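Welcome! Here are a few short exercises for getting to know a new structure, each with a worked solution. Have a look at it first, then try each task before reading on.

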There are 2 protein chains.
Amino acid sequence: MTSYPSILLSKAVDQFASLPGIGRKTALRLVLYLLRQSDKDVEAFTSALTTLKSDVHYCRICHTISDQEICPICQSHSRDKHTLCVVENVQDVMSIENTGQYHGLYHVLGGIISPMDGIGPSDLEIDSLIARIQPEEIREVILALPTTMEGDTTNFYIYRRLISLQMTDNLRISQIARGVAIGNELEYTDEITLGRSIINRVDFKV
Amino acid sequence: MTSYPSILLSKAVDQFASLPGIGRKTALRLVLYLLRQSDKDVEAFTSALTTLKSDVHYCRICHTISDQEICPICQSHSRDKHTLCVVENVQDVMSIENTGQYHGLYHVLGGIISPMDGIGPSDLEIDSLIARIQPEEIREVILALPTTMEGDTTNFYIYRRLISLQMTDNLRISQIARGVAIGNELEYTDEITLGRSIINRVDFKV
């Protein structure tokens with residue numbers, strides 16, 4: 001157990017070390033770095049966090065982080081209002097936006113079904129998703145959840161809910177393509193991905 | 001360039017990403033983690049930092065971080081007051097204390113001489129080190145600076161200062177042992193370290 005020369009230092013290190021992926025050595029390095037900065041810089045650091053925490057909104061429609069009640073994507077007139085992409089979290093919205101390949105709307109679940117972590121459907125924005133999918137208005141739901149067991153479970157749960165509500169008549173339900181990543185050597189692709197990419201092969205197009 | 005759905009989020013990410021070794025992806029992950037915590041937890045995080053910054057002391061004698069004017073090590077009656085270990089920073093004091101092998105005093109330089117970074121002797125606590133080394137009182141100075149070119153330069157500078165002030169008569173000046181790390185295979189030790197450890201071999205003792 002490391003002994004800190006100062007209780008104040010130790011408390012600040014405790015706080016940083018409580019963040020995911022930050023060990024005590026890194027926490028100490030970060031705290032000592034901040035300690036060397038000016039009072040103004042440290043104040044800017046803490047106030048950015050305090051302001052975010054107190055003033056942040058989650059979009060009333062898609063539940064992404066937003067500065068307003070309704071996020072710019074939901075407000076936009078240039079987005080395709082008939083396509084809805086279901087994602088786990090805010091980072092995923094940002095990642096998909098960065099590709100520049102998607103122009104529809106989003107729905108952020110705020111997690112995925114994970115019995116091991118005690119997260120069930122009622123902990124997620126699934127009811128609000130179902131409520132959003134009005135016939136005529138939404139024509140396609142793209143499931144863009146992680147390609148893990150939990151992601152698959154959540155995909156299946158949403159699919160079953162839509163089936164049971166007889167909402168799939170004029171609705172396409174799709175999921176993001178899975179396979180060998182672009183630019184990867186087959187040799188370094190894991191067996192499961194490679195196996196599935198052969199089973200799920202698609203017609204070659206020029 | 002990643003576009004953030006919220007300016008407040010983007011500002012908080014900027015602050016975390018300004019910390020050393022924290023990229024923008026990690027910064028976003030940390031900020032979103034804190035955002036999921038309670039108001040009380042976020043307040044505890046920011047106030048630990050604010051309190052540390054406003055209330056921290058540096059020991060008047062050895063310049064380590066301390067809650068008091070004089071740190072517990074300098075105040076202690078059980079430490080060997082005749083031996084002074086010169087280190088770069090507070091982390092090094094903690095690392096050496098953790099070994100349990102040293103019972104003397106410390107002197108924290110607050111950096112090392114690095115012309116590339118514009119750090120000269122006057123930016124460091126070298127004058128205060130020289131002032132502390134009173135004949136009769138201090139019998140040994142252990143140079144425990146990094147085993148880099150900058151560390152060596154700083155070692156040499158301190159040595160020359162002590163020589164020029166004719167302070168080395170009854171003073172032992174030592175430096176920490178350099179060589180193959182305990183438990184390491186020679187095969188995986190870098191060539192320079194291994195070469196030096198042969199040149200600087202010591203008598204075998206049983």
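**Exercise 1.** How many bridges join strand E3 of chain B to E4(B), and how do the two strands run?

*Solution.* Keep in mind that this is a predicted model. Start with strand E3 of chain B, residues 80-87. Five bridges join E3(B) to E4(B), and the two run parallel. For one of the residues involved, take Cys85(B): its bridge partner in E4(B) is Tyr106(B).

**Exercise 2.** Find the strand order of the open sheet in chain B, then name its edge strands.

*Solution.* Step one: the four strands are ordered E4-E3-E5-E6, with parallel pairing. Step two: strand E4 (104-108) and strand E6 (172-175) of chain B each pair on one side only, and these are the edge strands. Step three: from one strand to the next, the twist averages 25°.

**Exercise 3.** Which strands of chain B does helix H5 touch, and which does helix H7 touch?

*Solution.* Helix H5 (residues 90-99) of chain B packs on the sheet and touches E3 and E4 of chain B. The direction of H5(B) makes about 125° with that of E3(B). Helix H7 (residues 149-164) of chain B also packs on the sheet, touching E3, strand E5 (140-143) and E6 of chain B. The direction of H7(B) makes about 175° with that of E6(B).

**Exercise 4.** Turn to chain A: which handedness has the β-α-β unit of E3(A), helix H5 and E4(A)?

*Solution.* Begin with the strands: five bridges join E3(A) to E4(A), which run parallel. Cys85(A) stands opposite Tyr106(A). Adding helix H5 (residues 90-99) of chain A gives a right-handed unit. Finally, four of the five residues of strand E4 of chain A are buried.

How values were computed:
Residues numbered from 1 in each chain as written. Chains lettered and ligands numbered in written order. Predicted model: local features only at pLDDT ≥ 70, side-chain atom pairs only at ≥ 80, totals over all residues. Pairing = 2+ DSSP bridges. Axes fitted to C-alpha atoms, helices over the stretch in contact; angles between N-to-C directions. Contact = placed C-beta atoms within 7 Å. Buried ≥ 20, exposed ≤ 12 C-beta atoms within 10 Å, placed from the backbone. Right-handed = clockwise from strand over helix to strand, strands pointing away.
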